[in-house]
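Trainee: I have a model open and would like to understand the labels people attach to it. Could you take me through the reasoning behind them?

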Amino acid sequence: MPVRVLLVDDEPLVRAGLRAVLEAQPDIEVAGEAADGAAVIPLVRQLRPDVVAMDVRMPLLDGIEATRALLRTVAEPPKILVVTTFENDEYVYEALRAGADGFLLKRARPAEIVHAVRLIAEGESLLFPASVRRLAAEYGESGGNRAARAELERARLTERECEVLRLMARGLSNAEIAARLVVGTETVKSHVSAVLAKLGARDRTQAVITAYESGFVAPG
């Protein structure tokens, strides 16, 4: 089955460009479009996309609030890929904290756009880990977030789960973590699932942000 994508951006030209790039791929299908975050929830319910590629800044409802509303309202929400003009942007980090799975620059090359959609859909690696680290270093609380520290303490991760979380924060995929730890990929998947469940994180990105903000992993 192809990865179904919903495009949400107030600029028709951006939507048209993304559509052209994505629909050239045999394994990706553009399910629909919207010009504002306010239209996301009804369209997600109607179209059931796998990924929502959403602008972070829109006139009525921006990508941050649309992400929060979507995750709060839809029982099985799609993956959320924030599309932004500027990489080093506090809005991007707030969108990730709100629950977005990753972000993509509007100036990205076609191959990068396709890679981002596929990676977000698979959910087995962190998209642009170095950029996430930079955002966490600049806009995160870097160990000063009491809620994140308490969450990590409550999780009571095992030594191996802590090891897996550190490697996740470095952006390693399940296969790369398996090679590093000399274990099977299925074993790593089990550890990743346990880390996410214990932290109450919906995906790797949220787990990694908790790791940075609790001080468990240094973002620099």
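Mentor: Gladly! Keep in mind that this is a predicted model. Let's begin with strand 3: Val51, Ala53 and Asp55 point one way, Val52 and Met54 point the other way, and all are buried.

Trainee: What makes strand 3 largely enclosed?

Mentor: Buried means under 20% relative accessible area. In strand 3, residues 51-55, 5 of the 5 residues are buried, so the strand is largely enclosed by the rest of the structure. As for the two directions, in a regular strand the side chains alternate between the two faces of the sheet.

Trainee: How do you know that strand 3 pairs with strand 1?

Mentor: Two strands pair if there are at least two bridges between them. Strand 1 (residues 3-8) is joined to strand 3 by 4 bridges, so by that cut-off the two are paired, and they run parallel. You can check this on screen: Val5 has Val51 as its bridge partner in strand 3, and Leu6 stands opposite Val52.

Trainee: And what joins strand 3 to strand 4?

Mentor: There are 5 bridges between strand 3 and strand 4 (residues 79-84), and these strands run parallel. With at least two bridges required, they count as a pair, too. Look for Ala53, whose bridge partner in strand 4 is Leu81.

Trainee: What is the strand order of the sheet?

Mentor: The sheet is open and has 5 strands in the order 2-1-3-4-5, with parallel pairing.

Trainee: Why are strand 2 and strand 5 called edge strands?

Mentor: Strand 2 (28-34) and strand 5 (102-105) are called edge strands because each pairs on one side only. Between neighbouring strands of this sheet the average turn is 25 degrees, direction ignored.

Trainee: Which helices should I look at against the sheet?

Mentor: Helix 3 packs on the sheet and touches strand 3 and strand 4, with its direction at about 150 degrees to that of strand 3. Then there is helix 5 (residues 110-122), which lies across strand 1, strand 2, strand 3, strand 4 and strand 5 and runs at about 155 degrees to strand 4.

Trainee: What makes the β-α-β unit right-handed?

Mentor: The unit consists of strand 3, helix 3 (residues 63-73) and strand 4. Point the strands away from you: a path from the first strand over the helix to the second that runs clockwise is right-handed. This unit is right-handed, so clockwise is what you should see in that view.

Trainee: How do you know that Thr84 is buried?

Mentor: Its relative accessibility is 1%, and buried means under 20%, so Thr84 counts as buried. Thr84 lies in strand 4. Leaving aside neighbours within four places in sequence, the contacts of Thr84 include Val56, Asp89, Phe103 and Leu105.

Trainee: Is Tyr212 buried or exposed?

Mentor: Tyr212 has 2% relative accessibility, so with the limit at under 20% it counts as buried. Tyr212 lies in helix 11 (residues 204-213). From Tyr212 to Asn145 the distance is 9.4 Å, C-alpha to C-alpha, although they are 67 residues apart in sequence.

Trainee: Why is Phe128 called partly exposed?

Mentor: Partly exposed lies between the limits of under 20% for buried and over 50% for exposed. Phe128 has a relative accessible area of 30%, so partly exposed is the right label. You will find Phe128 in the loop between helix 5 and helix 6 (129-139). Phe128 is not a glycine, yet its phi is positive, about 50 degrees.

Trainee: And what makes Val182 exposed?

Mentor: At 70% relative accessibility, Val182 is over the 50% limit, so it counts as exposed. Val182 sits in the loop between helix 9 (174-181) and helix 10 (185-199). Its phi is also positive, about 55 degrees, although Val182 is not a glycine.

Trainee: Finally, the whole chain. How do you know that the protein chain is as compact as a globular protein of its length?

Mentor: The secondary structure comes to 11 helices and 5 strands. The radius of gyration is 17 Å, close to the 17 Å from the globule rule for 220 residues, so the chain is as compact as a globular protein of that length. Buried residues make up 51% of the 220 residues.

Notes
Residues are numbered from 1 along each chain as its sequence is written. This is a predicted model: local features need pLDDT of at least 70, side-chain atom pairs count only at pLDDT 80 or more; totals for chains, interfaces and linings use all residues. Side-chain values use heavy atoms; hydrogens and water are left out. Buried means under 20% relative accessible area, exposed over 50%, partly exposed in between (1.4 Å probe, protein chains only). Axes are lines fitted to C-alpha atoms, for helices over the stretch in contact, and angles run from 0 to 180 degrees between N-to-C directions. Contact means heavy atoms within 4.5 Å. The radius of gyration is taken over C-alpha atoms; the globule rule is 2.2 Å times the number of residues to the power 0.38.
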